[in-house]
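Q: Please take a close look at one helix and its surroundings. I would like to know which side is buried and what packs there.

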Amino acid sequence: NKMRMYEPSSEIWIDKKRIENAQPVYFIAEIGSNFDNDIERARDLIYMAKDAGADAAKFQHYTADSLVSDYGFKKLGNSISHQASWKKSVYETYKDASLNSDWTQILSETCNKAGLSFFTSPYSFDLVDQVDQFIPAYKVGSGDITWIEIIKHMASKGKPILLATGASSMDDVCRAVDEILHITPEIILLQCNTNYTANKVNYSHLQLKVISTFREKYPGIITGLSDHMPGHVAVLGAVALGAKVIEKHFTDSVERKGPDHSFSMTPKTWREMVDRTRELELSLGDGIKQIEQNEIETVNVQRRSVYAANLIKKGEIIQRKDVKVLRPFIDGGIQPFEMSSIIGKKVIRFIEANEIIQWKDIESEKGDIR
């Protein structure tokens, strides 16, 4: 007997911000390791992210020991994907980039002062427990999508779970999502392509339409995008497809040395992304096709009415040759698609050539004025 599953929440609160269809897109600045082991720099980046329009700043909590096997990576050889260019061993690089756990409280307080939510991805059971008091939601990194045990541990903490799905099959995604939905309805599902080379060729692997697939599979679920490309084309595409949460890497300069700087957004490009997203949100509308408020005047000047092509005498029967179709349309006038219903009817007054013909000029069925 399968345990009951929750329907995914279509509204989730993170601190005082509501995430749902009618709300603005929620932006997470992934500072990650971009503070280069300097707490003051981390604090500066938090304030910069706030100024650039972020809603949350995200870090990562791992110890090299709890995340990578020095043995395993040495066995793999050192030329794997984006790690090929790293000067030190993978283990050493992670050891150097890892966040000092004593800094958690400082970062959390700084975010609080700056008016941002403080996020982190904890990469071990201990760290999940350690960061719990500081965070309003848990982020599961793509690499842990198959580690159901730790995902369930995070889900059991009673906070929203953001699940990234990079380098995952739909089976991987459903396995993790279903396990979360047995525990909590509060899940945000992020499409992600895990490739950090920022190469143009990656556009063909972003698969933004997967966001629609997620929404079909789990009706009502809040979706988002975790993106590692420079620029914000993918962000706008994702938002148009219904993404409500965007996570992008954030730094102050793409020239800095370090694993993530090169493909991160800067205060300037981040602000640009947020501003364009806000314009896009306004542009998307509600899906109802109607004459919009700002078109009402245009309707009359660009639409046509039926006008008299020549003098039509009172009592004459209108023929097609007696009428022409011209702009503008005037209220009470006859729209071109209605013309056939006046052909063969009598007019009840003299109508000058070039004058507009109105319904009140036509004898109605009962012989009285329409």
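A: What follows takes helix H5 first, then the aromatic pairs, and then a second helix.

The model is predicted. Helix H5 covers residues 104-114. Its buried residues are Thr 104, Leu 107, Ser 108, Thr 110, Cys 111 and Ala 114. Where do they sit around the axis of H5? They cover an arc of only 160°, so they lie on the same side of H5. The general rule is that an α-helix has 3.6 residues a turn, so residues three or four places apart point the same way. On the other side of H5, Asn 112 and Lys 113 are exposed.

Several elements cover the buried residues of H5. Among them are helix H1 (39-51) and strand S4 (56-61). Strand S5 and helix H6 (125-131) are also included. Just after H5 comes Gly 115, with a positive phi of about 80°.

Strand S5, part of that cover, also takes part in a ring pair. The model has eight aromatic pairs. In one of them, the ring centres of Tyr 26 and Phe 119 are 6.3 Å apart. Their planes meet at 20°, under the 30 degrees used as the limit, so the pair is stacked. Tyr 26 belongs to strand S3 (residues 26-30), and Phe 119 belongs to strand S5 (residues 117-122). The pair therefore ties together parts that are 93 residues apart in sequence. Are these two residues buried or exposed? Tyr 26 has 3% relative accessibility, so Tyr 26 counts as buried. Phe 119 has 1%, so Phe 119 is buried too.

Ring pairs also build a cluster. Phe 35, Phe 59, Trp 103 and Phe 118 are linked in this way.

Charges sit over rings as well. Arg 4 lies over the face of Tyr 6, 4.6 Å from the ring centre. Lys 217 does so over Tyr 218, at 5.8 Å from the ring centre.

Helix H8 can be treated in the same brisk way. H8 has 12 residues, 170-181. At 1.5 Å a residue, H8 should span 16 Å. The end C-alpha atoms are 16 Å apart, which agrees. The buried residues of H8 are Asp 172, Val 173, Cys 174, Ala 176, Val 177, Ile 180 and Leu 181. What do they pack against? Two helices are among the partners: H7 (148-155) and H9 (210-217). Strands S7 (161-164) and S8 (187-192) are partners too.

Notes. Residues numbered from 1 in each chain as written. Predicted model: local features only at pLDDT ≥ 70, side-chain atom pairs only at ≥ 80, totals over all residues. Heavy atoms only, no water. Phe/Tyr/Trp six-rings, centres within 6.5 Å; stacked < 30°, edge-to-face > 60°. Helix = DSSP H or I, 4+ residues; strand = E, 2+ residues; numbered from the N terminus. Buried < 20%, exposed > 50% of the residue type's maximum accessible area, 1.4 Å probe, protein only. Lys NZ or Arg CZ within 6 Å of the ring centre and 35° of its normal. Expected span 1.5 Å × (residues − 1). Contact = heavy atoms within 4.5 Å. Arc of directions from axis to C-beta.
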